[in-house]
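Here is a friendly note to read alongside the structure. Keep the view open and look up each residue as it comes along.

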Amino acid sequence: MSYRLLELPNTVIADLEVSDSLYVLIFSDALIIKVMDAAKQRTRWRQSGSIIVKGSFSDSVEHLNIKCPVKIRSGEFQDNVFVYYNTIRLPCHVYGDVAIRTSFDGIEKPLEISGEEIEVVLEGEPKYIKHIN
């Protein structure tokens, strides 16, 4: 089965947008690994986009002092009972008990956002980098 993985480590968060029920992490040139059926090698790509979390957020999330741009050091993506470390499988549009937790370079406290819906929206055309094993 063909699929794509968005790699969270080293992804640059260019901007954050926060409202009462929406939290958007806008990223630039994230690494995406494409795995094709029956292919001997995977391919690496770059693409920009955003991770959109919908739900009710606490004041602590809205008032975090994160100055962008900032690079993700590591991350966790929760899809109901499943937790994925450092990757998000694409396409991603998940409902239920969802969350994203990210640690950033140079920032001690991780960003933890829980909600009822997460979607990854990719923008523009992906840019091929290379084949990998």
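**A lysine over a ring, and what surrounds it**

1. Let us begin with a charge and a ring: Lys-34 lies over the face of Trp-45, at 4.0 Å from the ring centre. Please keep in mind that this model is predicted. A second case of this kind is Arg-89, which lies over the face of Tyr-3 at 4.2 Å from the ring centre.

2. Now look at the ring of Trp-45 itself. Is Trp-45 buried or exposed? With a relative accessible area of 19%, Trp-45 counts as buried, because the cut-off for that word is under 20%. You can see that the value falls on the buried side of the cut-off.

3. Trp-45 also has an aromatic partner. The structure holds 2 aromatic pairs. In one of them, the ring centres of Trp-45 and Tyr-128 are 5.4 Å apart and the planes meet at 75 degrees, so this pair is edge-to-face. Trp-45 belongs to strand S4 and Tyr-128 to strand S9 (residues 111–132), so the pair ties together parts that are 83 residues apart in sequence. Tyr-128 is partly exposed, at 42% relative accessible area, whereas Trp-45 is buried.

4. Next, follow strand S3, which covers residues 22–35. How many of its 14 residues are buried? The count is 10, so to speak of S3 as mostly covered is fair. On one side of the story is strand S1 (residues 3–7), which runs antiparallel to S3 and is joined to it by 4 bridges. Within that pairing, Arg-4 stands opposite Lys-34, the residue we met over the ring of Trp-45.

5. Strand S2 (residues 12–18) pairs with S3 as well, in the antiparallel sense, over 6 bridges. Here Ile-13 stands opposite Phe-27. S2 and S3 form a hairpin, and 3 residues sit between them.

6. Which strand is joined to S3 by 11 bridges? That is S4 (residues 42–54), and the two run antiparallel. Find Tyr-23 in your view, and you should see Val-53 of S4 opposite. S3 and S4 also form a hairpin, with 6 residues between the strands, and in this hairpin Ala-38 takes a positive phi near 60 degrees. A general point may help as you trace these strands: in a regular strand the side chains alternate between the two faces of the sheet.

7. Now for the charges. Side chains of opposite charge can pair when their charged atoms come close. A search of the whole structure finds 3 salt bridges. One of them is between Lys-127 and Asp-29, with the closest N and O atoms 3.7 Å apart. Lys-127 lies in S9 and Asp-29 in S3, so this pair ties together parts that are 98 residues apart in sequence. Asp-29 counts as partly exposed, at 33% relative accessibility.

8. Another salt bridge joins the side chains of Lys-54 and Glu-117, at 3.8 Å from N to O. Since Lys-54 is in S4 and Glu-117 in S9, the pair ties together parts that are 63 residues apart in sequence. Are the two partners buried or exposed? Lys-54 is partly exposed, with a relative accessible area of 33%, but Glu-117 is buried, with 13%.

9. There is also a salt bridge between Arg-101 and Glu-76, whose closest N and O atoms are 3.8 Å apart. Arg-101 lies in strand S8 (residues 93–104) and Glu-76 in strand S5 (residues 70–79), so the pair ties together parts that are 25 residues apart in sequence. Arg-101 is partly exposed at 25% relative accessible area, and Glu-76 is partly exposed at 27%.

10. Finally, turn to the surface. Which residues make a nonpolar surface patch of about 350 Å²? They are Val-81, Phe-82 and Tyr-84. Tyr-84 lies in strand S6 (residues 82–85) and is partly exposed, with a relative accessible area of 37%. Tyr-85 is found in S6 too, and Tyr-85 is exposed, at 56%. From Tyr-85 to Pro-110 the separation is 25 residues in sequence and 14 Å in space, C-alpha to C-alpha.

Definitions and conventions. Residues are numbered from 1 along each chain as its sequence is written. This is a predicted model: local features need pLDDT of at least 70, side-chain atom pairs count only at pLDDT 80 or more; totals for chains, interfaces and linings use all residues. Side-chain values use heavy atoms; hydrogens and water are left out. Buried means under 20% relative accessible area, exposed over 50%, partly exposed in between (1.4 Å probe, protein chains only). Two strands pair if DSSP finds at least two bridges between them. Patches are made of residues with over 30% relative accessible area and no salt bridge: like charges are joined within 9 Å, nonpolar side chains (Val, Leu, Ile, Met, Phe, Trp, Tyr) within 5 Å. Accessible areas come from the Shrake-Rupley method with a 1.4 Å probe; for residues, only the protein chains shown count as cover. A salt bridge is a side-chain nitrogen of Lys or Arg within 4 Å of a carboxyl oxygen of Asp or Glu. Rings of Phe, Tyr and Trp (its six-membered ring) pair if their centres lie within 6.5 Å; planes under 30 degrees apart count as stacked, over 60 as edge-to-face and the rest as tilted. A charge sits over a ring if NZ of Lys or CZ of Arg is within 6 Å of the ring centre and within 35 degrees of the ring normal.
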